Amino acid sequence: MTEDEIATGSRANAADAAILDLARERGCGKSISPAEAAHRLAEHDGNAGATDAWRHHMPAIRRAALRLAQSGTIDILRKGKVIPPEAARGVIRLRLREIMEERR
C-alpha cells in the first residue's frame, strides 16, 4: 500500500468516525448535518481555529455518508424522509439507522 492509499484510508476512517460519533452522541432518532461532522473532522486535524477549515472536509464526509448508508449503518434524510444514497444531493441530514441503535 502506498503512502497516498494509507492517507486516503485513514481520512476515510476519520470521516466515518466523525459521522458515527456525532450520531451516537445525538442519540436515537436524532440527526446531524454533514457540516457538523466536517467541523468535528477539522477539530480532529487541529484546524478548529481556521474559519473555513471544515469546508475542506465536506467531500470526504459526503463520501463517508454514502458508504455508511450503502452499508446500512446510517440513513440519509432530506426533509425528514429517508432517501436512497444515490439520491443524496443538496441539503441532507444523517442519522443512525434505528436497527443499529437498538443493538447498542
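This section describes the salt bridges and the strand pairing of a predicted model.

The structure contains 6 salt bridges. Side chains of opposite charge can pair when their charged atoms come close. One of these pairs is formed by aspartate 16 and arginine 67, whose closest N and O atoms are 2.7 Å apart. Aspartate 16 belongs to helix α1 (residues 3–26) and arginine 67 to helix α3 (residues 58–70), so the pair ties together parts that are 51 residues apart in sequence. The aspartate 16 end of the bridge is buried, with a relative accessibility of 16%, which places this residue under the 20% cut-off for burial. Arginine 67, in contrast, is partly exposed, its relative accessible area being 34%.

A further salt bridge is made by the side chains of aspartate 52 and arginine 55, with an N to O distance of 3.4 Å. In this pair aspartate 52 is partly exposed, at 47% relative accessibility.

Aspartate 75 and arginine 97 also form a salt bridge, and here the closest N and O atoms are 2.8 Å apart. Aspartate 75 is located in strand β1 (residues 74–78), while arginine 97 is in the loop between β3 (93–96) and α4 (98–103); the pair therefore ties together parts that are 22 residues apart in sequence. Aspartate 75 is buried, with 7% relative accessibility, whereas arginine 97 is partly exposed at 27%. The pair is not isolated, since a network of salt bridges links Asp75, Arg95 and Arg97.

The strand that carries aspartate 75 is mostly covered: of the 5 residues of β1, 4 are buried. Strands of a sheet pair through backbone hydrogen bonds, either parallel or antiparallel. In the present model, 3 strands form an open sheet with antiparallel pairing, in the order β2-β1-β3. β2 and β3 are the edge strands, each pairing on one side only. Averaged over the sheet, and with direction ignored, neighbouring strands are turned by 50° against each other.

On one side, β1 runs antiparallel to β3 and is joined to that strand by 4 bridges. On the other, β1 pairs with strand β2 (residues 81–83), again in the antiparallel sense, over 3 bridges. Leucine 77 takes part in both pairings: arginine 93 stands opposite leucine 77 in β3, and valine 82 is the bridge partner of leucine 77 in β2. Arginine 78 stands opposite lysine 81 of β2. The hairpin of β1 and β2 has 2 residues between the strands, and lysine 79 in this hairpin takes a positive phi near 55°.

Helix α3, which holds arginine 67 of the bridge to aspartate 16, also packs against the sheet strands. This helix lies across β1 and β3 and runs at about 120° to β1. Strand β1 thus appears in several of the features described: β1 pairs with β2 and β3 in the sheet, contains aspartate 75 of the salt bridge to arginine 97, and is crossed by α3.

Key: Residues are numbered from 1 along each chain as its sequence is written. This is a predicted model: local features need pLDDT of at least 70, side-chain atom pairs count only at pLDDT 80 or more; totals for chains, interfaces and linings use all residues. Side-chain values use heavy atoms; hydrogens and water are left out. A salt bridge is a side-chain nitrogen of Lys or Arg within 4 Å of a carboxyl oxygen of Asp or Glu. Buried means under 20% relative accessible area, exposed over 50%, partly exposed in between (1.4 Å probe, protein chains only). Two strands pair if DSSP finds at least two bridges between them. Axes are lines fitted to C-alpha atoms, for helices over the stretch in contact, and angles run from 0 to 180 degrees between N-to-C directions. Contact means heavy atoms within 4.5 Å.
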